[in-house]
Amino acid sequence: MPLDSLTNSATDALRAAGSYVTDLMTPTLRLGVTGLSRAGKTVFITSLVRNLIVGGRLPFFKPHAEGRILRAFLEPQPDDDVPRFDYERHLTALSAQPPEWPQSTRRISELRVTIEYEPTNKFMRMLGPARLHLDIVDYPGEWLTDLGMLDLPYTDWAETALGHVKRHGDGNAAIGFTQFIEALPAVTLDAHAAEQLALEGARHFTAYLAEARQSNGGISTLSPGRFLMPGDHEGSPLLTFFPLARAAEEGDALLPLLQRRYESYKTHIVRPFFKEHFSRIDRQIVLVDALGAINGGAKAVADLERALSGVLAAFRPGTNTWLSSLISHRVDHLLFAATKADHLHQADHDRLEALLRHITDRAIARAETAGASVRVMALAALRATREAEAKQGNEKLACIIGTPLPGEKLDDRVFDGNTEVAIFPGDLPADPAAALADAERDDNSPRDLDVIRFRPPRLALAAKDGQPLAMPHIRLDRAMDFLIGDRIR
Ligand SMILES: Nc1nc2c(ncn2[C@@H]2O[C@H](COP(=O)(O)OP(=O)(O)OP(=O)(O)O)[C@@H](O)[C@H]2O)c(=O)[nH]1
Ligand SMILES: [Mg+2]
């Protein structure tokens with residue numbers, strides 16, 4: 001073998017070994033992104049990743065502002081058994097003419113972005129660029145409410161769930177479920193008949209959960225979280241049980257079947273989720289559509305609060321002995337973000353933040369998230385409106401300009417999805433308690449705030465790949481700085 005080819009292959013081998021070692025040594029930060037359905041998770045991740053990759057406008061993301069981010073790029077994620085976050089498809093929807101919001105997603109997904117940067121430390125700088133793997137995990141907030149089931153025997157869970165049905169018993173599905181329970185025979189001897197009843201009961205109970213969610217502004221607070229968000233378990237027997245309160249009878253096949261399914265649901269769905277995904281998260285953002293809830297009225301706000309405290313229980317060290325023993329490290333940065341802040345004029349952003357703080361304060365106090373650094377922020381991951389001032393008599397009104405989605409209504413007007421309008425969305429009360437009281441008024445009374453949905457903004461597209469050059473946002477950079485900034489040093 002000629003000498004220089006030997007030298008070449010030796011250098012290649014060394015380089016390969018070097019990059020292998022670098023890769024092994026590259027630290028990983030796992031960022032959990034969660035929120036109840038429609039909170040804005042998909043838009044948040046898509047915008048964060050795009051802005052990182054193309055170097056968007058991020059003045060408050062310090063490593064970027066200091067010019068130390070050399071590049072950011074997607075790499076294959078580490079977990080082969082988790083679906084990949086469909087970044088490209090979401091980006092394509094947002095780049096369409098007219099732009100569309102991404103489709104709703106209902107299961108866990110993951111994406112790895114590698115950030116190459118210049119270290120702040122002089123000595124480290126001499127070794128060349130450093131790298132950080134950012135693994136972003138998107139999962140439905142509803143799954144966190146299942147944590148409460150882990151310490152709860154079937155009987156206690158059933159009692160709580162049936163109490164809920166009793167309190168909200170006026171809908172069709174609630175009536176259907178109650179009638180089903182009342183018509184059950186006291187004892188079901190036959191195993192096949194018990195199976196059929198379990199299936200039918202689960203169908204009724206799922207319909208009830210959907211109805212409860214519908215009447216609560218789209219928020220579901222009741223476990224099992226997977227009945228409405230089955231992820232990959234759609235149609236699985238693990239999801240066929242329902243709450244039943246009755247004493248054990250000799251020879252009855254139904255109650256033991258329901259108890260067994262309930263336990264299997266915990267063993268095969270809830271525990272693995274907390275063990276394999278949740279316990280590995282380093283940083284967490286909880287996205288909250290507080291404006292949507294305010295707009296939805298009293299029940300929606302109360303339900304949002306309840307759901308959030310369910311979600312927060314998962315971050316409370318020592319709440320659940322099983323979970324505490326599992327989490328060797330705990331989430332050290334926890335961010336609550338009120339999403340879609342672009343529905344309000346910036347003059348109201350502080351109020352939105354105060355409102356979220358007010359809602360989560362009660363939950364955080366209960367959750368005693370001691371040790372973790374917790375922050376609350378109002379943001380818009382993708383800003384769909386711009387601001388303007390309009391004059392009404394002598395008064396100046398802070399308006400927002402955007403294109404409402406087709407079918408959106410304001411007073412008597414129905415929008416067609418093509419027309420840009422300036423609207424005065426109203427103000428949030430300065431006192432968060434007043435905002436909640438406002439929402440708690442009779443649902444038919446006029447509200448101080450109008451929240452309508454807008455089309456995504458038309459973005460400047462890169463000639464190369466026809467995808468957005470950057471995404472306008474509100475405070476996304478501050479959120480990034482809090483969540484990952486200190487790890488890019
Ligand atoms: N104006 C505005 N609307 C937003 C923003 N983020 C999300 N939205 C709206 O909220 C909807 C839901 O956002 P997604 O990101 O899909 O929410 P999600 O939490 O992933 O929802 P699921 O996948 O259904 O659980 C979008 O279709 C938009 O209408 C934002 O920054 N600004
Ligand atoms: Mg989604």
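Strands β8 and β9 form a hairpin with 2 residues between them, and G393 in the turn has a positive phi of about 60°. Strands here are DSSP runs of E with at least two residues, helices are runs of H or I with at least four, and both are numbered from the N terminus. The model is a predicted one, where local features need pLDDT of at least 70, side-chain atom pairs count only at pLDDT 80 or more, and totals for chains, interfaces and linings use all residues. Residues are numbered from 1 along each chain as its sequence is written, chains are lettered from A and ligands numbered from 1 in the order in which they are written, and side-chain values use heavy atoms, with hydrogens and water left out.

Back to the hairpin: β8 covers residues 386-392 and β9 covers residues 395-402, and the two run antiparallel, joined by 7 bridges. (Strands pair if DSSP finds at least two bridges between them.) For E389, the bridge partner in β9 is A398.

Next come the charged pairs. The structure holds 23 salt bridges, each being a side-chain nitrogen of Lys or Arg within 4 Å of a carboxyl oxygen of Asp or Glu. One of them pairs E110 with R30, with the closest N and O atoms 3.4 Å apart. E110 sits in strand β3 (residues 109-117) and R30 in strand β1 (residues 28-35), so this pair links distant parts of the chain, 80 residues apart. Both E110 and R30 are buried; buried means under 20% relative accessible area, exposed means over 50%, and partly exposed is in between (1.4 Å probe, protein chains only).

R280 and D79 make another salt bridge, again with 3.4 Å between the closest N and O atoms. R280 is in the loop between α10 (254-276) and β5 (283-288), while D79 is in the loop between β2 (69-75) and α4 (87-95), so the pair ties together parts that are 201 residues apart in sequence. R280 counts as partly exposed because its relative accessibility is 32%, whereas D79, at 13%, counts as buried.

In a third pair, D135 and R112, the closest N and O atoms are 2.7 Å apart. D135 belongs to strand β4 (residues 130-140) and R112 to strand β3, so this salt bridge ties together parts 23 residues apart in sequence. D135 counts as buried because its relative accessibility is 1%, and R112 counts as buried at 11%. Salt bridges with shared partners join R30, D79, E110, R112, D135 and R280 into one network.

Now for the ligands. The magnesium ion (ligand 2) is coordinated at 2.0 Å by T42 (OG1) and T105 (OG1). Donors are N, O and S atoms within 2.8 Å of the metal (3.2 Å for Na, K and Ca), and sites may look incomplete because water is not among the atoms. T42 lies in helix α2 (residues 41-54) and T105 in the loop between α4 and β3, 63 residues apart. T42 counts as buried at 9% relative accessibility, but T105 is partly exposed at 26%.

Ligand 1 is surrounded by 18 residues, the closest being K41, T42, S104, T105 and R106; a residue counts if one of its heavy atoms lies within 4 Å. An oxygen atom of ligand 1 is 2.7 Å from a side-chain N or O atom of K41, and one is 2.8 Å from a side-chain N or O atom of R38. A backbone N or O atom of A381 lies 3.1 Å from an oxygen atom of ligand 1. On its own, ligand 1 has 640 Å² of accessible area, and the protein covers 97% of this. Such areas come from the Shrake-Rupley method with a 1.4 Å probe, and for residues only the protein chains shown count as cover.

Key. A polar contact is a pair of N or O atoms within 3.5 Å; within protein, one must be able to donate a hydrogen and the other to accept it, and residues adjacent in sequence count only if both atoms are side-chain atoms.
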